[in-house]
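User: Got a model here that I'd like to pick apart, mostly its charged pairs and a bit of strand geometry. Can you take my questions one by one?

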Amino acid sequence: MNGPYESEGPNGGVTGQACVIPDRYRHRVHELIKPTASLHGAWLEARDEWGPGLHEDGFGLLASDETDSPEGFATWLARLAAQGDPAGAGRHGGTTGVHWWIVEDDGAGGVRVQGGIALRYGDDDYARQFGHVGFGVRPSARRRGLATRALGRVLGEARALGLDRVVLTCRADNTASARTIAGAGAVFDGVRDTAHGPVRRYHVDLGGLGSAGRRP
């Protein structure tokens, strides 16, 4: 992580400006992991930094999810795991797909949950409206390229699953996320109305992507 990286905007999107990674971040390890109950406290810290609401895109939260108690958290994680199985998603709610958390070494022997990213491969109404990938990075972890790198990894996962084309969306006024998506090689298809307001719609044809999810 040494040297300049593209800077991310307020919602995790690339601004196009180079930034120098501070020394305190240079030795941190960024990974994508499956959701786990062992990081309940770290996940709650990330959620609380976002503030109230269901806008932590990539975490797969529903209005009915209770995640403060260990029991409620475990129930939510079980639903996310079931959504990864096409046979189980419909029984447990939510769209069919896989979720990962974006985590880093906190530099003191612990782990911070910095965000989440989801790959939806079902053909339900939600996936058709809002695309195959959703992602979000907590405010304090933005401007460091985490969303950009996580998206590249997940596009590679989508290709490995046999998807030929991935649709991505973001709110029409979310220019930062739009830049992240465009930076992954996505083609802009226009603005569409949805149940949650207008969104910018993109697609990526995966046949031309390299193994890490980026175009050679």
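User: How far apart, N to O, are the side chains of R144 and E104 in their salt bridge?
Analyst: Keep in mind that this is a predicted model. Side chains of opposite charge can pair when their charged atoms come close. For the salt bridge between R144 and E104, the N to O distance is 2.5 Å.

User: Which parts does the pair of R144 and E104 tie together?
Analyst: The two partners are 40 residues apart in sequence, so the contact links separate parts of the chain. E104 is in strand β4, and R144 belongs to the loop between β6 and α5. So the parts tied together are that loop and strand β4.

User: Are R144 and E104 buried or exposed?
Analyst: The cut-off for buried is under 20% relative accessible area. R144 falls in that class, and E104 does too. Both, then, are buried.

User: What is the distance between the closest N and O atoms of R138 and E49?
Analyst: R138 sits in the loop between β6 and α5 while E49 is in helix α1, so their pair joins parts 89 residues apart in sequence. E49 is partly exposed, at 29% relative accessibility, whereas R138 is buried at 2%. Their closest N and O atoms are 2.7 Å apart.

User: And E45 with R138, how far apart are the closest N and O atoms there?
Analyst: That's also a salt bridge. Since E45 lies in helix α1 (residues 40-50) and R138 in the loop between β6 (133-137) and α5 (146-160), the pair ties together parts 93 residues apart in sequence. E45 is partly exposed, with a relative accessible area of 40%. The closest N and O atoms are 3.3 Å apart.

User: Which residues are linked in a network of salt bridges?
Analyst: R138 forms a salt bridge with E45, and R138 forms one with E49 as well. R112 belongs to the network too. The linked residues are E45, E49, R112 and R138.

User: Switching to strands: which residues make up the uncovered face of β3?
Analyst: In a regular strand the side chains alternate between the two faces of the sheet. In β3 (residues 30-33), H30 and L32 form the covered face. The uncovered face is E31 and I33.

User: What stands opposite I33 in β4?
Analyst: β3 pairs with β4 (residues 97-105) in the antiparallel sense, over four bridges. Opposite I33 stands W101.

Technical notes: Residues are numbered from 1 along each chain as its sequence is written. This is a predicted model: local features need pLDDT of at least 70, side-chain atom pairs count only at pLDDT 80 or more; totals for chains, interfaces and linings use all residues. Side-chain values use heavy atoms; hydrogens and water are left out. Buried means under 20% relative accessible area, exposed over 50%, partly exposed in between (1.4 Å probe, protein chains only). Helices (H or I, at least four residues) and strands (E, at least two) are DSSP runs, numbered from the N terminus. Two strands pair if DSSP finds at least two bridges between them. A salt bridge is a side-chain nitrogen of Lys or Arg within 4 Å of a carboxyl oxygen of Asp or Glu.
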